[in-house]
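I opened this notebook to record how some helices are arranged and what lies beside one of the nucleic acid strands. The entries follow the order in which I looked things up.

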There are 2 protein chains.
Amino acid sequence: MRKQAAVRQSDVLSVLNGHDKPMTAYAILDQMKLGEPDLAAPTVYRALTALTDQGRAHKLESIKAFVPCRCNHNAAVPVLEICEDCGTVEEHDGTRLLAELSAISAQSSFNATRHIVEVHGRCRSCTS
Amino acid sequence: MRKQAAVRQSDVLSVLNGHDKPMTAYAILDQMKLGEPDLAAPTVYRALTALTDQGRAHKLESIKAFVPCRCNHNAAVPVLEICEDCGTVEEHDGTRLLAELSAISAQSSFNATRHIVEVHGRCRSCTS
DNA sequence: TGCGTTTTGTTATATTATAAAATAACAATA
DNA sequence: TATTGTTATTTTATAATATAACAAAACGCA
């Protein structure tokens, strides 16, 4: 079924919001296929690309999965904490990292457009 | 030909050091196959896993590629600047980010074991 | 209705990564 | 010096992730 891109994006975001763990693109696809059996991978990837470009979702580069943005969409530096035990992800605002990150970039005259900060470890409940 | 793991790791590191851009696992494999045609992907991945565990190489999660470590191997937080124009990567020491990163983790009682910091943008020579 | 645009599905394929099975090396033992 | 057990490594096969290319369908609007 054909939809407006914006609607498709909202659909994908709803799926992400309906789960408490990050989802891979194919997990999203499987979920959506329950209602729309013909849905294909490129449609999901297209929506995910738009969502991450807009900052409405984040891609966890180190585990190839996606979470909805739970913070301020304009946060310059999202910090994503990934629990290696239970797989949950918590998002934090890393705006305060920006000064030092900028200083590092300035040192090498690097013109930054995107910051990726991911932290692996164990969340509170998995730390006994 | 079968080799000691440590030797294999040195071989892979040499290949990385012989290039001035990050290499994917398969680029490394192709290069090594010139001398050892039977070499298979898992052999390269095993060596890369060991190298990154030891801090002798870094994986660029956002572009799925590897660089040799050019900094202090003990740097707690390597910061990898990736030029989206020419593809070069510069490594910097992000130890000074650690205080703020730790503060963020502490807020959520998260026990961090690994920090990933990557910066996308344009390097000096690509910024006209 | 007809035209241009957007979105989609389809197909095909590329790329990245790992699981599982098979084998080689080597030291210890008999 | 055969044989075995152990360990590490290779090989094969396949899983998982991602994208390119293009035709067809649906929509918006004149």
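Are α1(A) and α2(A) roughly parallel or roughly perpendicular to each other? Before answering, I note that the model is predicted. I looked up helix α1 (residues 5-17) of chain A and helix α2 (residues 25-33) of chain A, and found that they pack at an angle of about 105 degrees, with their axes 10 Å apart. Since angles of 65 to 115 degrees count as roughly perpendicular, α1(A) and α2(A) are therefore roughly perpendicular to each other.

I then went to the residues at this contact, where A:D11, A:V12 and A:V15 of α1(A) meet A:I28, A:Q31 and A:M32 of α2(A). By class, I list 4 nonpolar, 1 polar and 1 charged residues there.

Next I turned to chain B, where helix α1 (residues 5-17) packs with α2(B) at an angle of about 105 degrees, the axes being 10 Å apart. The pair α1(B) and α2(B) is therefore roughly perpendicular. From α1(B), B:D11, B:V12 and B:V15 meet B:I28, B:Q31 and B:M32 in α2(B), and the residues of this contact divide into 4 nonpolar, 1 polar and 1 charged.

Which residues come nearest to DNA strand C? I found 20 residues around the strand, of which A:K3, A:A5, A:A40, A:T43 and B:T24 come nearest. Two or more residues of the surface near DNA strand C are given by each of α1 and α3 (41-54) of chain A, and by each of α2 (25-33) and α3 (41-54) of chain B. Sorting this surface by class, I noted 9 nonpolar, 3 polar and 8 charged residues.

Notes. Residues numbered from 1 in each chain as written. Chains lettered and ligands numbered in written order. Predicted model: local features only at pLDDT ≥ 70, side-chain atom pairs only at ≥ 80, totals over all residues. Axes fitted to C-alpha atoms, helices over the stretch in contact; angles between N-to-C directions. Helix = DSSP H or I, 4+ residues; strand = E, 2+ residues; numbered from the N terminus. Parallel < 35°, antiparallel > 145°, perpendicular 65-115°, else oblique. Contact = placed C-beta atoms within 7 Å. Nonpolar A, V, L, I, M, F, W, Y, C, P; charged D, E, K, R; others polar. Near = placed C-beta within 6 Å.
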